[in-house]
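The following note sets out numbered points on one structure for a colleague's consideration. Each point takes up a single topic and may be read separately.

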Amino acid sequence: RQFGASMGSQNAALMVGGYTPTVTACTEEYNGSSWASGGNVITVRQGPGGAGTQNAGLVFGGGASPISPGYITCTEEYDGSSWAAGGALIISRCAGGSGTQGTQNAAVYFTGLDAPPYSAARATEEYNGTAWSAGNATINDVYSGYGAGTQNSALRFGGYDSPVAANTSEHYNGTSWSAGGTMITARFEISGFGES
């Protein structure tokens, strides 16, 4: 599949949602050597953000359809076996970046593609385990980039900066964004993991 959300660690990872070529609700769990089926998300989605661990995962936003995007705001929380509804995002969007090492009680979601008229976003939102609140905007407006780190130490890199791939990166300190180093190769629809 493509355009799913990932979270966890090398020996306890989750892959959630995505496009297979239909949008899927499936969750898979990795134990360091093999994959097993987990509980399905409540709302099928592609291009969501993700954070947390295999037993305390978080997935948010995304698109309900690859053809007519129908971006969503819903957040879901995973307990290691099943998903439950969490607080809704302020802005419906798809293909944003997230601090993948964040937790169910301290997550961050940034950039992405807004619902119609489908423009790249600079918005940042922070989750406290119950609700999302607005953070400061990123410097660059991109989508289909990626992120890593935590709510107070996140990294945004790459993405699509219409009409070209982006080579920019930015650092988030929990309050504001600052410019990071330039990537050697500009690219989008990429993945990243780890601490900022």
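1. **Thr111.** In this predicted model, Thr111 has a relative accessible area of 2% and is therefore classed as buried, the limit being under 20%. Thr111 sits in the loop between E11 and E12. Its backbone deserves a check, since phi of Thr111 is near 55°, a positive value in a residue other than glycine. For context, most residues other than glycine have a negative phi.

2. **Phe3.** A positive phi also occurs at Phe3, where the value is about 60° although the residue is not a glycine. Phe3 belongs to the segment before E1. Is Phe3 buried, exposed or partly exposed? With a relative accessible area of 32%, Phe3 is partly exposed, because that value falls between the limits of 20% and 50%.

3. **Gly112.** The residue that follows in this loop is Gly112, placed between strand E11 (107–110) and strand E12 (113–114). Gly112 counts as buried because its relative accessibility is 0%. Not counting residues up to four places away in sequence, Gly112 touches Cys94, Ala95, Gly96, Ser119, Ala120, Ala121, Val142 and Tyr143. Between Gly112 and Thr168 the C-alpha to C-alpha distance is 15 Å, at a sequence separation of 56 residues.

4. **Aromatic pairs.** The count of aromatic pairs comes to 9. One of them is formed by Phe60 and Trp132, edge-to-face, with 5.0 Å centre to centre and 65° between the planes. This pair links distant parts of the chain, as Phe60 lies in strand E6 (residues 56–60) and Trp132 in strand E14 (residues 132–135), 72 residues apart. Both Phe60 and Trp132 are buried. Tyr143 and Tyr160 form another edge-to-face pair, at 5.4 Å centre to centre and 65° between the planes. Here, too, distant parts of the chain are linked: Tyr143 is in the loop between E14 and strand E15 (146–150), while Tyr160 is in strand E17 (residues 160–161), 17 residues apart. Tyr143 has already appeared among the contacts of Gly112.

5. **Aromatic cluster.** Phe60 and Trp132 also belong to one aromatic cluster, together with Tyr109 and Tyr127.

6. **Glu76.** An acidic side chain merits attention in strand E7 (residues 75–78), where Glu76 is placed. Why is Glu76 classed as buried? Its relative accessibility is 2%, so Glu76 counts as buried under the 20% limit. What does the side chain of Glu76 reach? At 2.7 Å lies the backbone nitrogen of Ile42, and a polar contact of 2.7 Å joins the side chains of Glu76 and Arg45. Beyond its neighbours within four places in sequence, Glu76 is in contact with residues including Val41, Thr43, Gly57, Leu58, Val59 and Trp83.

7. **Nonpolar cores.** Which residues make up the largest nonpolar core? Its 9 residues are Ala5, Met7, Leu14, Val16, Ala25, Val41, Val59, Tyr78 and Trp83. Strand E1 (5–9) and strand E2 (12–16) each supply at least two residues of this core. Another core, of 8 residues, lies apart from it, and Ala51, Leu58, Leu89 and Tyr127 are among its members. Of the residues in the largest core, Val41, Val59 and Trp83 are also contacts of Glu76. Tyr78, for its part, is in contact with Leu14 and Trp83, and with others including Thr27, Glu29, Gln54 and Gln104.

8. **Gly17.** The loop between E2 and strand E3 (27–30) holds Gly17. Gly17 is buried because its relative accessible area is 0%. Leaving aside neighbours within four places in sequence, Gly17 is in contact with Arg1, Gly4, Thr24, Cys26 and Arg45. Arg45 is the residue whose side chain meets that of Glu76 in a polar contact. Gly17 and Ala154 are 137 residues apart in sequence, with a C-alpha to C-alpha distance of 23 Å.

9. **Cavity.** How many cavities of 30 Å³ or more are there? The count comes to 1, and the largest cavity has a volume of about 50 Å³. Its lining consists of Ala5, Ser6, Pro48, Gly49, Gly50, Gly96, Gly97, Ser98, Thr100 and Tyr146. Two or more lining residues come from each of E1, strand E5 (49–53) and strand E10 (97–98). Ala5 of this lining is also a member of the largest nonpolar core, and Gly96 is one of the residues that Gly112 touches.

Terms used: Residues numbered from 1 in each chain as written. Predicted model: local features only at pLDDT ≥ 70, side-chain atom pairs only at ≥ 80, totals over all residues. Heavy atoms only, no water. Helix = DSSP H or I, 4+ residues; strand = E, 2+ residues; numbered from the N terminus. Buried < 20%, exposed > 50% of the residue type's maximum accessible area, 1.4 Å probe, protein only. Contact = heavy atoms within 4.5 Å. Phe/Tyr/Trp six-rings, centres within 6.5 Å; stacked < 30°, edge-to-face > 60°. Polar contact = N/O pair within 3.5 Å; in protein donor to acceptor, adjacent residues only side chain to side chain. Core = buried A, V, L, I, M, F, W, Y, C linked by side-chain atoms within 4.5 Å. 1 Å grid on protein atoms, 1.4 Å probe; cavity = no way out; pocket = protein on both sides within 12 Å on 5 of 7 lines; lining within 4 Å. Points joined across faces, edges and corners; volume = space filled by probe spheres on them.
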